[in-house]
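Have the chain open in your viewer. We will go through helix contacts and then a handful of single residues.

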Amino acid sequence: MAHPLHHAESSARKFGGVPSDYQAVHDWFDASKEHLALFTHRAMRHHAQGLFEAERVFGVSLTNSAGRDIPVRWIGEQHIREDCQGRIPSMADWLLRIQPEPWMANGHIDRHVGDEPCGDPRVAWASEVAAGRTVLGLKDWMAARATQATQSA
């Protein structure tokens with residue numbers, strides 16, 4: 001379908017009420033069109049996990065103007081099936097089709113010069129880890145540094 005309104009009209013035919021009863025749910029599913037107006041925008045919410053996320057956003061059900069309680073998951077399933085040729089893909093179905101690019105895999109740790117921590121303590125901790133000076137996790141490293149500071153004072 002081309003527009004969330006068409007999904008809302010379909011929901012009204014299927015579940016009763018009027019399109020405006022369902023518009024917000026369908027707008028949410030298609031919100032990623034704001035960033036990329038290609039069918040690939042569907043990778044963001046058109047999958048099984050997206051159904052559960054919609055329930056967290058809109059609640060388990062909504063009451064339409066005809067007074068009927070409709071599960072939000074039903075509305076989402078209808079939307080996804082209309083857009084994905086009758087199926088509800090998993091998030092993995094979408095993600096496994098991403099073509100990896102070098103920039104996606106080459107993370108790095110910003111290195112801090114000097115011994116004094118500055119700003120975010122995670123930067124200093126990451127430098128210590130990268131230099132092989134600690135194997136402690138961040139929380140334990142911070143506790144050890146605090147102990148050293150009080151003993152030095």
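## Helix pairs and selected residues

Pro-121, Arg-122, Ala-124, Trp-125 and Glu-128 of H7 pack against Leu-138, Trp-141 and Met-142 of H8. By class, this contact of H7 with H8 comprises six nonpolar residues, no polar ones and two charged ones. Bear in mind that the model is predicted.

Two packed helices are described by the angle between their axes and the distance between the axes. For H7 and H8, the axes approach within 10 Å and cross at roughly 100 degrees. Angles of 65 to 115 degrees count as roughly perpendicular. H7 and H8 are therefore roughly perpendicular to each other.

Which residues of H7 are buried? They are Ala-124, Ala-126, Ser-127 and Glu-128. H8 is included in what covers the buried residues of H7. Ala-124 and Glu-128 also belong to the contact with H8.

Now leave H7 at its end. Just after this helix, Gly-132 adopts a positive phi of about 75 degrees. Thr-134 follows in the loop between helix H7 (121–130) and helix H8 (138–152). Is Thr-134 buried or exposed? Its relative accessible area is 12%, so Thr-134 is buried. Setting aside neighbours within four places in sequence, Thr-134 is in contact with Trp-125, Glu-128, Val-129 and Trp-141. Two of these names are familiar: Trp-125 from the H7 side and Trp-141 from the H8 side of the helix contact. The side chain of Thr-134 also has a polar atom 3.0 Å from the backbone nitrogen of Leu-136.

The next helix pair is H1 and H4. Helix H1 (residues 4–15) and helix H4 (residues 72–83) have axes that come within 10 Å and cross at roughly 125 degrees. That angle makes H1 oblique to H4. The crossing of H1 and H4 is right-handed. On the H1 side, the contact uses His-7, Ser-10, Ser-11, Lys-14 and Phe-15. On the H4 side, Trp-74, Ile-75, Gln-78, His-79, Glu-82 and Asp-83 take part. By class, the contact of H1 with H4 has three nonpolar, five polar and three charged residues. An α-helix has 3.6 residues a turn, so residues three or four places apart point the same way.

Beyond H4 comes Gln-85, in the loop between H4 and helix H5 (91–95). Most residues other than glycine have a negative phi. Gln-85 has a positive one, near 55 degrees. Gln-85 counts as exposed, at 80% relative accessibility.

Two further residues bring in H3. Glu-55 sits in helix H3 (residues 48–58). This glutamate is buried, with a relative accessible area of 14%. Outside its neighbours within four places in sequence, Glu-55 is in contact with Val-60, Val-72 and Arg-73.

Arg-45 is placed in the loop between helix H2 (23–29) and H3. How accessible is Arg-45, and what does that make it? At 25% relative accessibility, Arg-45 counts as partly exposed. Not counting residues up to four places away in sequence, Arg-45 touches Trp-28, Phe-29, Ala-31, Gly-50 and Ile-80. Gly-16 gives a distance to check: its C-alpha atom is separated by 24 Å from that of Arg-45, and the two residues are 29 apart along the chain.

Terms used:
Residues are numbered from 1 along each chain as its sequence is written. This is a predicted model: local features need pLDDT of at least 70, side-chain atom pairs count only at pLDDT 80 or more; totals for chains, interfaces and linings use all residues. Side-chain values use heavy atoms; hydrogens and water are left out. Axes are lines fitted to C-alpha atoms, for helices over the stretch in contact, and angles run from 0 to 180 degrees between N-to-C directions. Helices (H or I, at least four residues) and strands (E, at least two) are DSSP runs, numbered from the N terminus. Angles under 35 degrees count as roughly parallel, over 145 as roughly antiparallel, 65 to 115 as roughly perpendicular and the rest as oblique. A crossing is left-handed if the near helix is turned anticlockwise from the far one by less than a right angle, and right-handed if clockwise. Contact means heavy atoms within 4.5 Å. Ala, Val, Leu, Ile, Met, Phe, Trp, Tyr, Cys and Pro count as nonpolar, Asp, Glu, Lys and Arg as charged, and the others, Gly among them, as polar. Buried means under 20% relative accessible area, exposed over 50%, partly exposed in between (1.4 Å probe, protein chains only). A polar contact is a pair of N or O atoms within 3.5 Å; within protein, one must be able to donate a hydrogen and the other to accept it, and residues adjacent in sequence count only if both atoms are side-chain atoms.
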